[in-house]
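This briefing is for a reader who is new to the structure shown below. Please look over the sequence and the model before reading the points.

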Amino acid sequence: MSTLKTRIILGIVMFGMFFGILCFDVIFHTDIGFGCLAILAGAISLYEFYTIAGKSGFSPFRISGIGIGGWLFAVYWLSLRKNTGIDPCFFRQEVLIILIFWLFLLQAITHGTKDAIKNISVTIFGIFYIFFLLSFAIAIRHLHQGICIVIMVLLISKFGDAGGYLLGRKYGKHKLVKSISPNKTIEGACFSLLCSVLIAVIFNLIPQIKVIDLPWSILFGIVIGCSAILGDLAESLIKRDVNAKDASNLVPAFGGILDIIDCLLVSMPVAYYFFVFFKFVSYEPKG
């Protein structure tokens, strides 16, 4: 089976699983499925990031980073739910203090003074890059019409990526950023933006799921399309540092989980601040 066919089949399967989880949440009036999926994806992605960092000479504290990153995400998730009495804040001061001192202790015990700055810094950066940026997905989920917004951002990001990949392979001639991502072209990026805008417009033409008006949907498609491309390039920048094509080989034809969600790590925060800045939505706690 060709790589393209494998990508299409697995892509459909993953979309089906994702929408199945969202349907579960809607039927039972909860966000448990989405939240648990986000934590699982974050944990695997952070492990993949730490593996990439290890190939570059770093020695991140994988278990501590994943554990504390997951804990920060879970606490933030709970803080967005009703009747928790917790202020919604991802980087809680008490947890950060524990994290920093714990990493210093681990460094001293396991590696002494060797590469202390690098090991501690890359561990903390991984938490920021994966779990913090991914937390905006759960923040969007708790906005009014949150499920619709999450689906819209996902479709804009991934279909834009798919459009750029397919059409860029056929018509792409001019490299976008050759040193970071040799296969990406300017033509592919333009096709990606066009697909993103089309998805945003079509999505908001459906009355049952409409979130914003047509002029805003065009702007939103452009903004999210650009941010998704930046998210993809950001991960490529990290992978090129160790000459790695993919974050892992967990998902055939796609690479790792980080390769799948890389564009969302930027597009979700951008989408959140787009809606909050222009005051389209408000928080809607889930029980």
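The notes that follow are grouped by topic.

The model is predicted. In it, helices α3 and α4 run roughly antiparallel to each other, and a nonpolar surface patch of about 350 Å² is made by four named residues, L4, I8, I12 and L166. The whole structure has 7 salt bridges.

**The pair of helices α3 and α4**

- Helix α3 covers residues 62–80 and helix α4 covers residues 93–110.
- The axes of these two helices come within 11 Å and cross at roughly 175 degrees.
- An angle over 145 degrees counts as roughly antiparallel, and α3 and α4 are therefore described in that way, as roughly antiparallel to each other.
- On the α3 side, the residues that meet α4 are S64, I68, W71 and L72.
- On the α4 side, the residues that meet α3 are V95, L99, W102, L103 and L106.

**Q107 and its surroundings**

- Q107 is also found in helix α4.
- Is Q107 buried or exposed? Its relative accessible area is 2%, so Q107 is buried, since buried means under 20%.
- Neighbours within four places in sequence are left aside in the contacts of Q107.
- The contacts of Q107 then include F61, G112 and T113.
- K114 and D115 are in contact with Q107 as well, and these two residues also form a salt bridge with each other.
- A116, N119 and I120 are further contacts of Q107.

**Salt bridges**

- Side chains of opposite charge can pair when their charged atoms come close.
- A search of the whole structure finds 7 such salt bridges, and three of them are described here, beginning with the pair D115 and K114.
- The side chains of D115 and K114 meet at 3.9 Å, taken from N to O.
- D115 also forms a salt bridge with K118, at 3.7 Å from N to O.
- K114 is exposed, with a relative accessible area of 59%.
- D115 has a relative accessible area of 28% and is partly exposed.
- K118 is partly exposed too, with a value of 34%.
- Elsewhere in the sequence, D213 and K210 form a salt bridge through their side chains, with 3.2 Å between N and O.
- D213 is partly exposed at 42% relative accessible area, and K210 is partly exposed at 35%.
- Which residues are joined into one network by salt bridges that share partners? They are K114, D115 and K118.

**The nonpolar surface patch**

- The patch has an area of about 350 Å² and consists of L4, I8, I12 and L166.
- Helix α1, residues 3–27, gives the largest share of the patch, with 3 residues.
- L166 lies in helix α6, which spans residues 146–171.
- L166 has a relative accessibility of 42% and counts as partly exposed.

**I27 and helix α1**

- I27 lies in helix α1, the helix that gives the largest share of the nonpolar patch.
- I27 counts as exposed, at 57% relative accessibility.
- How far apart in space are I27 and I8, C-alpha to C-alpha? The distance is 28 Å, and the two residues are 19 residues apart in sequence.

**The loop between α8 and α9**

- This loop lies between helix α8, residues 214–240, and helix α9, residues 257–261.
- N243 is placed in this loop, and A253 lies there too.
- N243 has a positive phi of about 55 degrees, although N243 is not a glycine.
- A253 is not a glycine either, and has a positive phi of about 75 degrees.
- N243 is exposed, because its relative accessibility is 74%, and exposed means over 50%.
- A253 counts as partly exposed, at 28% relative accessibility.

**Y273 and helix α10**

- Y273 is found in helix α10, which covers residues 264–277.
- Y273 is partly exposed, with a relative accessible area of 48%.
- The C-alpha atoms of Y273 and N183 are separated by 30 Å.
- Along the chain, Y273 and N183 are 90 residues apart.

Note on methods: Residues are numbered from 1 along each chain as its sequence is written. This is a predicted model: local features need pLDDT of at least 70, side-chain atom pairs count only at pLDDT 80 or more; totals for chains, interfaces and linings use all residues. Side-chain values use heavy atoms; hydrogens and water are left out. Patches are made of residues with over 30% relative accessible area and no salt bridge: like charges are joined within 9 Å, nonpolar side chains (Val, Leu, Ile, Met, Phe, Trp, Tyr) within 5 Å. Accessible areas come from the Shrake-Rupley method with a 1.4 Å probe; for residues, only the protein chains shown count as cover. Helices (H or I, at least four residues) and strands (E, at least two) are DSSP runs, numbered from the N terminus. Buried means under 20% relative accessible area, exposed over 50%, partly exposed in between (1.4 Å probe, protein chains only). Axes are lines fitted to C-alpha atoms, for helices over the stretch in contact, and angles run from 0 to 180 degrees between N-to-C directions. Angles under 35 degrees count as roughly parallel, over 145 as roughly antiparallel, 65 to 115 as roughly perpendicular and the rest as oblique. Contact means heavy atoms within 4.5 Å.
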